Amino acid sequence: MRKKVDSRIRTLVENCVKLRQRAMFVIIGDKGRDQVVNLHYMLSKATVKARPSVLWCYKKDLAISSHKKKRMKQLKKMAQRGLLDPEQEDPFSLFVASTNIRYCYYNETQNILGNTFGMAVLQDFEALTPNLLARTIETVEGGGVVIMLLSNLKSLTQLYTVTMDVHARLRTDAHQTVTGRFNERLVLSLASNPHCLLMDDELNVLPTSTLIRHIAPLPTGPDGKLLNDPSAASQAELTDLKSSLADTQPAGALVSRCRTLDQAHALVTFLDAASEKTLRSTLALTASRGRGKSAALGLAIAGAIALGYANIFVTAPSPENLRTLFEFVFKGLDACGYQEHIDYDLVESTNPDWGRAVVRVNVFRAHRQTVQYVQPQHATRLTQAELLVIDEAAAIPLPLVKAMLGPYLVFLCSTVNGYEGTGRSLSLKLIQQLREQAAGGGKAAGPAGASGGAVGRTFREVTLDEPIRYAPGDPIESWLHNLLCLDAATHLPRPPVKLPHPSSCELYHVDRDTLFSFHKASEAFLQRVVALLVASHYKNTPNDLLLLADAPAHQLYVLLGPVDESQNALPDVLAVVQVALEGAVNSKLAASSLARGELPQGDLIPWTIGQQYQDPDFPSLSGARVVRIAVHPELSGAGYGSRAVELLKRYFQGELLKLDDGSDLEEDDQPAAAANRAAPADGDGSLLLTETV
């Protein structure tokens with residue numbers, strides 16, 4: 001039976017293709033998989049190029065019978081021979097037979113990093129984690145479609161109580177009840193995304209937001225091109241830059257390989273520094289994920305080879321992190337007229353842990369030149385270096401990065417707002433020291449052995465803002481960053497103008513139900529809290545947010561200065577403490593687990609001490625472990641962290657409140673009241689407060 005599809009679906013797909021932005025569809029129902037075929041057909045009709053490739057992620061079962069799998073293989077062979085009759089076959093089987101589909105388990109999604117797809121299908125919602133959500137969605141190119149399949153649900157509110165697979169790791173013996181705060185915030189955030197449609201398995205659009213009530217087609221010119229294209233100006237400037245450098249080699253050949261204007265400017269800056277050959281310059285390249293940092297570095301290395309650099313060293317946490325970099329080194333060499341096996345050879349690693357990664361490039365066109373991978377801890381091997389390239393510097397301990405700085409040209413590259421685990425120690429400490437040295441007022445960045453090469457260096461910073469896969473301003477990217485607090489570094493608040501004395505500060509217990517309610521004030525407060533955690537800790541992943549929201553044994557505390565209730569503004573957060581309640585383990589469970597040598601999830605200190613001393617009674621004791629403590633980076637050493645720990649200790653000792661009269665409940669309610677007081681009085685409130693989701 002044929003049915004007319006809501007015009008908003010096709011219009012949204014076509015608009016996203018014109019804008020090079022992504023669309024997202026959440027399909028609720030047991031037959032949602034069959035609608036993937038129709039959405040892929042709409043996308044194929046809207047795009048000019050070949051049929052979009054598909055990434056299909058699942059937990060462990062595709063829910064396709066073995067007979068159907070055999071039939072699909074037969075259909076693929078028939079399609080290759082030209083014997084397939086589309087009218088007589090099942091549409092889904094035809095879709096599988098004629099489309100390039102990459103099937104991927106969720107636990108193997110690290111293998112798809114760096115790949116690009118036209119469509120991503122995410123089934124088995126209960127297996128999703130924030131890390132997986134970011135990793136899979138970011139592989140979709142501009143004009144592509146992200147589809148989430150939610151089966152066995154009759155309403156969206158059922159998502160609030162879905163038992164996720166990750167919840168099993170959050171439970172402890174004394175804390176079994178998990179509240180799905182992250183899922184609730186996820187569902188509420190979907191209504192704020194203008195490129196997201198929620199539908200049932202018959203493609204009926206659900207009325208979740210006024211943003212998608214009317215979707216109008218974008219105006220186009222007679223030639224079919226989009227009028228008022230926001231990216232037209234930057235593309236025209238990039239074309240002009242490529243044409244102006246066409247006669248300047250090797251810059252012209254290398255810049256022609258750049259995809260965005262930011263990337264081209266970064267490459268030109270790298271080549272300028274390399275052509276000066278002062279060997280006392282440091283360039284720092286920082287950007288979010290998917291901006292083309294590794295590609296720009298690889299092209300810059302190819303340019304350095306063309307400029308005559310003989311000894312080039314590259315370092316990263318692992319040579320597997322350098323696959324993209326070396327790929328673009330080879331592309332850059334090809335652009336400069338170098339030929340493999342004639343002008344250069346590559347050497348792959350024999351270490352099985354590194355998986356045949358490239359570790360050395362030997363160039364012998366004019367004279368001997370090498371690009372050599374060196375591990376971060378082997379700084380002593382850099383004595384003959386002329387150029388050192390440090391990729392993903394934020395993932396390398398800061399003392400090792402400082403030790404590698406020396407009397408040679410240094411290119412630093414780091415991800416600042418990423419989803420694979422990033423920190424800001426590099427940007428907050430090392431780059432600040434390099435700025436001070438360049439200004440002439442800083443101390444040496446390196447230790448005693450490397451300080452001589454660090455003093456008197458010139459320092460330049462380059463940032464990449466424009467994404468490679470999709471156009472700037474993509475609503476899916478903004479939604480994902482807000483949901484997972486990926487750009488929390490930009491929300492780091494300035495310290496208060498008047499710093500309160502630590503003795504006048506108070507510790508507040510944060511109500512997590514209010515914090516993850518997606519209220520406008522709660523979101524601003526959450527971004528500030530996560531910003532402090534990201535700024536103060538070396539490695540952060542989106543899964544930390546799930547732990548903070550859903551772990552039943554975890555609590556959150558903030559240190560605030562004196563709060564003026566007459567001010568309608570959020571208070572300044574001076575310190576954040578994340579605490580895990582541990583212990584209270586059943587004595588029989590403790591004895592049997594220790595006898596078997598097994599350590600269950602959670603309760604880190606009780607199980608560790610109990611195992612080391614073979615004491616089955618210790619896990620039955622109750623305690624609190626400080627998981628993370630973060631102070632505003634500009635206020636370190638001011639005593640706020642010590643004050644927070646002191647108040648926390650007094651709180652758990654029962655000195656701050658009477659535990660027998662129920663006043664602890666009043667203490668718990670203070671943050672919720674504070675959040676309500678902090679809400680803007682003249683604002684119209686969150687959009688979701690006036691809508692039914």
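## Helices, packing and a few unusual backbones

Let us start on helix α20, where the face turned away from the buried side carries the exposed residues K588, A595 and R596. This is a predicted model, in which local features need pLDDT of at least 70 and side-chain atom pairs count only at pLDDT 80 or more, while totals for chains, interfaces and linings use all residues. Residues are numbered from 1 along each chain as its sequence is written, and side-chain values use heavy atoms, with hydrogens and water left out.

A few terms will help on the way. Buried means under 20% relative accessible area, exposed means over 50%, and partly exposed lies in between, with a 1.4 Å probe and protein chains only. Helices (H or I, at least four residues) and strands (E, at least two) are DSSP runs, numbered from the N terminus. A contact means heavy atoms within 4.5 Å.

Now for the other side of α20, which spans residues 587-596: here A590, S593 and L594 are buried. Looking down the axis of α20, you will find these buried residues within an arc of 95 degrees, so they line one face of the helix. The arc is that of the directions from the helix axis to the C-beta atoms. What the buried residues of α20 pack against is α21 (604-613). The backbone on either side of α20 is worth a look too. After the helix comes G597, with a positive phi near 75 degrees. In the loop between β17 (573-583) and α20 sits A584, which has a positive phi of about 60 degrees although it is not a glycine. A584 counts as partly exposed, at 36% relative accessibility.

Stepping back to the whole chain, there are 23 helices and 18 strands. Of its 693 residues, 51% count as buried. Among contacts with a separation of 6 or more, residues 24 or more positions apart account for 74%.

Helix α2 (residues 32-46) is a good one to check with a ruler. Its 15 residues reach 22 Å from the first C-alpha to the last, close to the 21 Å expected at 1.5 Å a residue. That expected span is 1.5 Å times one less than the number of residues. The buried residues of α2 include V36, V37, L39, M42 and L43, and R33, Q35 and H40 are among them as well.

Next, follow helix α7 (residues 181-190) to two of its partners. Two packed helices are described by the angle between their axes and the distance between the axes. Here axes are lines fitted to C-alpha atoms, for helices over the stretch in contact, and angles run from 0 to 180 degrees between N-to-C directions. Angles under 35 degrees count as roughly parallel, over 145 as roughly antiparallel, 65 to 115 as roughly perpendicular and the rest as oblique.

With helix α16 (residues 475-484), the axis of α7 comes within 11 Å and crosses at roughly 155 degrees. That makes α7 roughly antiparallel to α16. On the α7 side, the contact is made by F182, R185, L186, S189 and L190, and on the α16 side by W479, N482, L483 and L484.

With helix α19 (residues 543-550), the axis of α7 comes within 8 Å and crosses at roughly 115 degrees. That makes α7 roughly perpendicular to α19. At this meeting, R181, F182 and R185 of α7 face L545, L546, A549 and D550 of α19 as contact partners.

Moving on to helix α8 (residues 232-244), look for L241. It is buried, with a relative accessible area of 17%. L241 touches L261, A264 and H265, not counting residues up to four places away in sequence. The C-alpha atoms of L241 and L261 are separated by 8.5 Å, with their positions 20 residues apart along the chain.

After α8, the loop to α9 holds P250, and the peptide bond from Q249 to P250 is cis, with omega near 10 degrees. Past α9 (251-255), T260 lies in the loop that leads to α10 (261-276). T260 is buried, at a relative accessible area of 3%. Leaving aside neighbours within four places in sequence, T260 is in contact with L238, E466, P467 and I468.

Our last stop is the loop between α12 (323-335) and β9 (344-348), where H341 is found. Phi of H341 is near 75 degrees, a positive value in a residue other than glycine. H341 is exposed, with a relative accessible area of 60%.
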